[in-house]
Amino acid sequence: MKFLLVEDNPDLANAICSRMRLDGHVVDHAANLDDATGFVETQDYDLILLDIMLPDGDGRDFLKRHRAGNRDTPVIVLTARSQVSDRIGSLDLGADDYVTKPFDHAELEARCRAVLRRKSGNARTRIEVGGIVFDPLAGHLTVGDQTVSLRNRELRLLELFINAPGQVFSKQKLTDRLFSYDDMVSDNAIEVYVARLRKHLEPSELKITTLRGLGYRLDHAT
Amino acid sequence: MPLESNVSGSLRNRLVLTLIGGAALLAFLLFVAVRNYAAQVAQQGQDNILGASVTSILDTAALREGELEVDIPYGAFAMLSTPADDRVFYAIFQDGEFLSGYEDLSPLTGQRESRWQFQSSTIRGETIRQVSASRTLVGLENQTVIEIVLGQTQDALAETLDQISRNAAVLGIGFFALAAALSFWATSSTIGQLNRLTTSVTRRGPQDLSPFRKPVPREMAPLVASLNSLMGRLDQSLSQSEDFIAEAAHRVRTPLATVRSYADATLQRVEKEENREALRSMVRAIDESSRAAGQLLDHAMITFRADHLEREEIDLVALINDLVQRLTPIAEMKDLTLSLDGDPQVLYSGDPILIQNAARNMIDNALKYAPPDSAVRIEVSSVPHIQICVKDRGPGFPPNEIDTLTRRFERGKNASGTIGSGLGLTIVQDVATAHGGTLELANRQGGGACVTLSL
């Protein structure tokens, strides 16, 4: 996925960019509305993450211009205001969703996914590997002639493995990526999801290997 | 917040009373003046005839061989005849001595060689108008003064006066009626201007603080000007406090977002378990403080909005459905299912932002405490009364704390492991109270909490 982040706070922007790149996304960063307009005019993005208070204006004006220009790139507004204190609702101006700062990256990711799923229609991003067809947006996994709908955490787990084939993920790392910090997570929670995913992948050439004391790895059994 | 006004008197009554009182006084004065003038004119007429009559009698007086001769002409009395058959009295005096006629008439002593002397007097119980005139007759060897007094009753005059009085009274009453009608019209058209201003001010919504621009009479312009300046100041102070809350949120949340994102990103790279644990604690603490800050500001805003409750007609089902759509990604993250049941449409008049925020707090709570792979059910119904109910399969409320959980910063004993500010249910309670409703906390059979917001 290709994202445009419009955020004037360099530290926050850095943090968001590095986290999204970690998830395998391409992120361009604009620190003001002027740059953002330039980026939008020259590049195609799957999604725009837009801050409201920017040095050269209000992000909502950018949003209005963006929508008036008939561009339908989905926009998620990043705002420090809550809904009750926001006198002009971002959603009324054509934003697809908004996230209140500070946000949980897992939540931001979930919101991006929901917005993309709503917006993408038929133009799906399908991944074909090792005899499976995986559509991360729709959450469909087709193995052979069987299509199943993955639960959210199963889906994200599979996405992690597919984006980094051959990499070993520790239990803790997986826990951090799959659960938000206010969840009370037991140690074997990850095992439950790994077991479910294994079952879904069973008829295919892909399998999740347990490396004792290290973690898990997705292997391509040929 | 209905404020009782301190009412003293009524402008309308004061205006009507003053105008009608004035009209009554003027009508009375008009009546008196017309009547007096008419009486004067009528009297003048009678006097002129009496004068002519007495002169014609005097003209016949002559001294013939020292003897006084008066031959009263027929015309002298004929000219005095009236439709009311007024009676005529006369008396002739020579040198002050009564000579002939009615003795009851007295001469006007001390009158010499002048024109007519008029006076009103009473004779035989009747009011008469009398005229006297004298003339000095000079004979060959003597001269004598003859004085003639002529009186006439005033029946015809009184009749005429009565008629004139009646006409004058009709005129006065007509004038009064017209003036009274005019005063009512003038009053209502003046008060109408005030009423129109009042109506257009009261017809505004509580949030409409724009200046009043319709044209008003010059006398009301200062009132409207100060009203506009008051509304301007109010609007400014309202938007200042709203801007302050928004700005405060921005100042607090943006740096927290930075720290959180860094901690989050670092966590992905750090391997050592104790460092990871420290980073996790950091993230939790940040979440805790940002949530508290957010809820505090929301609570301030909600208190503010609840004080100036602006009701509008809304479909609660559509409103809550929007919210459910927005919260679905969060529910999915935890593999929870969110469902909305109940009536297809529930119309209610309330503040949509307050109600949505209350519902958001209720659903947030359910999402926080619900175990993975469970369902959170939201029901919006209008029977028996309009209510929004959120049910989960979490741990439920500790029975001995159920009554205290809506207090500020009060949290359940079993909530210690979960991030929260202790303001969520307080906000829901405040929103319920602002709409005249209630918040009910209960535990479900088979485990879980059931939170009902009745409006």
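A salt bridge is taken here as a side-chain nitrogen of Lys or Arg within 4 Å of a carboxyl oxygen of Asp or Glu. In this predicted model, the side chains of Asp97(A) and Arg326(B) satisfy that rule, with an N to O distance of 2.2 Å. Asp97(A) belongs to strand E7 of chain A, residues 97-100, and Arg326(B) to helix H6 of chain B, so the salt bridge joins two chains. Asp97(A) has a relative accessibility of 3% and counts as buried. Arg326(B), at 11% relative accessibility, is also classed as buried, because the cut-off for that class is under 20%. The pair is part of a network in which salt bridges with shared partners join Asp97(A), Glu107(A), Arg111(A) and Arg326(B).

The interface between chain B and chain A was then examined as a whole. On the chain B side, 46 residues are in contact with 48 residues of chain A. The size of an interface is often given as the accessible area lost when the parts come together. For chain B and chain A this buried area is about 4,500 Å², and carbon and sulfur atoms give 51% of it. Arg326(B), together with Gln268(B) and Met333(B), supplies 17% of the area that chain B buries against chain A, more than any other three residues.

Across this interface, 5 salt bridges are found. One of the pairs that meet in a salt bridge is Asp373(B) with Arg151(A), at 2.9 Å from N to O. Polar contacts between chain B and chain A link 13 residue pairs, counting those with both residues at pLDDT 80 or more. Four helices of chain B, namely H4 (221-267), H5 (273-307), H6 (316-333) and H7 (352-369), are the elements that give two or more residues to the side touching chain A. Of these, H4(B) gives the most, with 19 residues. By class, the side of chain B that touches chain A has 17 nonpolar, 10 polar and 19 charged residues.

Salt bridges also occur within chain B. Side chains of opposite charge can pair when their charged atoms come close. Over all chains of the structure, the search finds 28 salt bridges. In one of them, the side chains of Asp47(B) and Arg129(B) meet at 2.7 Å, N to O. Asp47(B) lies in helix H1 of chain B (residues 11-60) and Arg129(B) in strand E6 of chain B (residues 126-138), so this salt bridge ties together parts that are 82 residues apart in sequence. Asp47(B) counts as buried, at 7% relative accessibility, and Arg129(B) is buried as well, at 13%.

A further salt bridge is formed by the side chains of Arg135(B) and Asp59(B), at 3.0 Å from N to O. Arg135(B) is in strand E6 of chain B and Asp59(B) in helix H1 of chain B, so parts 76 residues apart in sequence are tied together. Arg135(B) is partly exposed, with a relative accessible area of 27%. Asp59(B) is partly exposed too, with a value of 49%.

Chain B itself comprises 8 helices and 14 strands. Of its 455 residues, 42% count as buried. Among contacts in chain B between residues at least 6 apart in sequence, 64% join residues at least 24 apart. The accessible surface of chain B is about 24,500 Å², and carbon and sulfur atoms account for 56% of that area.

Definitions and conventions
Residues numbered from 1 in each chain as written. Chains lettered and ligands numbered in written order. Predicted model: local features only at pLDDT ≥ 70, side-chain atom pairs only at ≥ 80, totals over all residues. Heavy atoms only, no water. Buried < 20%, exposed > 50% of the residue type's maximum accessible area, 1.4 Å probe, protein only. Contact = heavy atoms within 4.5 Å. Areas by Shrake-Rupley, 256 points an atom, 1.4 Å probe, with all protein chains shown as cover. Buried area = accessible area lost by both parts, 1.4 Å probe. Polar contact = N/O pair within 3.5 Å; in protein donor to acceptor, adjacent residues only side chain to side chain. Nonpolar A, V, L, I, M, F, W, Y, C, P; charged D, E, K, R; others polar.
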